[in-house]
Amino acid sequence: MNPVIETEGLTKRYGDLVAVEHLNLRVEAGEVFGLLGPNGSGKTTTILMLLGLTEPTAGWARVLGYDPLRHPLEVKRRVGYMPDAVGFYDELSARENLLYTARLNAIPRAEADARIVDVLTRMGLKDVMDKPAGQFSRGMRQRLGLADVLLKRPSVAILDEPTIGLDPEAAHEFLDLIRGLKRDGITVLLASHLLHQVQAVCDRVGLFSNGKLVLEGTFEALSTKVLGGSYRIQVEAKPDGLERVLKAVPGVVRVTTPRPGLYQLEAQHDCRSEVAKRVVAEGGQLLELRFDRASLDEVYARYFQEARSEA
Amino acid sequence: MKREGSPWTGLWAVVFKEFADHLSSARMRVLEILILLTAVATVYAATQTLRTVVGEDPFIYLRIFTIPNKIGEAELPSFVAFMGFLMPLVGIALAFDSVNGEYLKRTMSRVLSQPIYRDAVLMGKFLAGLATLGTMLLALWLLVTGLGILRLGVVPEAREVGRGLFFLLATLAYGGVWLALAMLFSVTLRQPATSALAAIAVWLFFTVFWEIISGLLFNVVAAFSTGVIQDELQYLQLRQFFSRLSPITLYSESVIALLNPEIRTLGPLLGAITQLEAAGALPRTLLPLSQSLLLVWPQLTGLFGAVILLFAYAYVRFQRQEVRA
């Protein structure tokens with residue numbers, strides 16, 4: 001199957017500054033892909049190149065089979081984009097703001113009216129649709145932004161930092177809405193630096209650093225690659241000196257002892273029972289056994305830590 | 001690499017949205033009240049003066065626009081002079097934040113991610129500005145005409161209406177110059193306050209200082225004058241050339257000739273001819289509209305040219321701008 005978004009050697013330079021360097025990206029139909037990286041790492045520039053809003057210095061991109069440079073209108077007709085800190089005309093109501101978008105998309109008036117009510121209802125904004133957008137809270141504006149994206153019934157939705165500045169409750173709701181897009185068969189490209197949120201919704205992630213895509217894959221694959229394993233087991237046991245025993249447990253990749261008697265294991269799978277069995281078999285006293293999944297934060301932190309120590 | 005699809009896709013959507021915004025904005029309402037008040041005041045004063053000469057002047061309707069007014073002891077400029085002063089204000093007010101305002105509101109990237117080209121955005125904003133100016137001017141002109149008929153009891157003749165329409169066109173082009181200028185500043189400068197100031201600075205420069213500067217330039221040249229009449233004429237023409245680099249001069253010259261059929265030249269001999277006519281040495285003749293048009297053709301071309309140049313430059317700058325602020 002053809003990928004929905006494909007780039008090869010995509011590069012953007014502003015003078016000496018390299019914003020995006022030799023990006024090879026493939027996003028398949030129906031998946032939620034997370035573009036991760038600190039501010040200024042080239043996520044937004046990549047998005048603008050995909051939409052044909054800025055010209056690449058080198059390389060090429062295809063979105064739904066179209067070249068954004070040559071066929072920007074075809075691309076933009078099928079791709080919904082929600083910029084970071086999305087803005088609306090404050091003096092116009094939510095409905096009027098969306099009506100303008102509908103007109104720009106050449107959607108006939110009668111159909112536009114129906115679609116607007118539909119998307120606003122879906123985003124939970126039906127009751128406030130005739131209020132000026134200037135009175136909307138941050139969370140409502142973000143949802144209005146998503147309504148604006150859905151209005152044109154896109155095949156691809158590109159969301160740039162959609163949850164930034166939202167309170168946890170609103171962010172959680174917004175992530176649910178993004179999962180809803182996936183259920184509708186919309187391919188989602190999500191750019192963010194909020195790792196745990198990306199982890200919560202994305203099928204695959206790509207890690208950006210200084211304009212380069214340094215890591216790419218499913219979360220499991222990334223944590224195996226960077227951390228060796230995505231499972232965390234914390235063991236408190238007596239007596240000390242059980243590292244050797246714990247390291248021998250099948251699946252355990254690494255053992256650290258923050259203090260005597262406390263062991264932290266990184267494992268490729270859940271091997272709690274085996275750990276417990278071995279500790280007891282050694283005549284040890286098992287005081288506590290805690291289990292945790294690794295988070296993307298850890299992958300991220302560890303990757304950059306290693307990258308620094310290598311340099 | 002050639003891009004495909006029409007650059008005008010979505011143009012009318014932008015035009016209608018901007019036009020509706022202009023018509024409902026508080027900014028526009030303030031300007032409308034201001035212009036309405038000046039219009040009513042000048043027309044009232046003008047008709048007061050003109051009542052005494054109804055029947056003597058064949059172009060009495062056109063005089064409503066051009067006659068300098070007196071209310072009591074206070075001197076008021078004519079309607080046309082007021083327009084020369086107010087149109088820049090309206091043009092600047094309509095466009096000074098048209099592009100940078102969208103960046104500031106963060107609506108620009110959302111609008112540009114719709115299936116339209118940038119061309120449509122800038123062109124749409126400019127056309128909507130012109131349409132707003134045109135609507136306002138037309139309403140104003142009809143209002144003045146109506147007031148004139150009411151107060152003077154004189155119905156304008158077809159040739160007067162024709163001149164009036166060309167006066168409207170010239171005024172629209174003049175307003176367009178300031179609209180395009182303000183739009184250019186709104187593309188090149190990031191803050192609306194800065195672009196408004198820059199546009200107003202240019203306006204002040206031409207209203208106040210250009211007269212002085214062109215006068216100074218003339219004086220410098222005149223110091224070397226030999227006293228031969230031919231040279232004097234050349235100096236005067238030079239002075240006029242300098243002065244005509246200002247859109248304000250171009251506009252005032254075009255409307256004077258368009259609204260006064262007896263104006264036969266805009267050159268340095270204008271004063272002399274008027275004196276000779278007054279003294280009875282030359283017969284007073286009236287130019288037909290076509291001849292008046294021919295007289296101001298260069299001025300009108302200059303105004304339209306300025307609009308096109310300013311807009312084209314703004315267009316090029318906007319096309320090359322990065323979407324990210």
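Let's start with a helix in this predicted model: α1(A) lies across four strands of chain A, namely β3, β6 (156-160), β7 (187-192) and β8. Relative to β6(A), α1(A) runs at about 150°. Another helix can be traced in a similar way. Helix α6 of chain A, spanning residues 168-183, lies across β3, β6 and β7 of chain A, and its direction makes an angle of about 150° with β7(A).

Now turn to the strands themselves. Strands of a sheet pair through backbone hydrogen bonds, in either a parallel or an antiparallel sense. In chain A, six strands form an open sheet with mixed pairing, in the order β5-β6-β7-β3-β8-β9. Which strands stand at the edges? They are β5 (79-82) and β9 (212-218) of chain A; each has a single partner strand, so one side of each is left without a neighbour in the sheet. On average, neighbouring strands of this sheet are turned by 15° against each other, direction ignored.

Within that order, it is worth pausing at one pair. Strand β3 of chain A (residues 32-36) and strand β8 of chain A (residues 204-209) pair in the parallel sense, with four bridges. If you look along this pair, you will find Leu35(A) opposite Gly206(A) in β8(A).

Finally, follow chain A to where it meets chain B. Here 25 residues of chain A are in contact with 22 residues of chain B. The helix we began with reappears: α1 (43-50), α2 (72-78) and α3 (94-104) of chain A each supply at least two residues of the side that touches chain B. What is the make-up of that side of chain A, in nonpolar, polar and charged residues? It divides into 14 nonpolar, six polar and five charged residues.

How values were computed:
Residues numbered from 1 in each chain as written. Chains lettered and ligands numbered in written order. Predicted model: local features only at pLDDT ≥ 70, side-chain atom pairs only at ≥ 80, totals over all residues. Contact = placed C-beta atoms within 7 Å. Nonpolar A, V, L, I, M, F, W, Y, C, P; charged D, E, K, R; others polar. Pairing = 2+ DSSP bridges. Axes fitted to C-alpha atoms, helices over the stretch in contact; angles between N-to-C directions.
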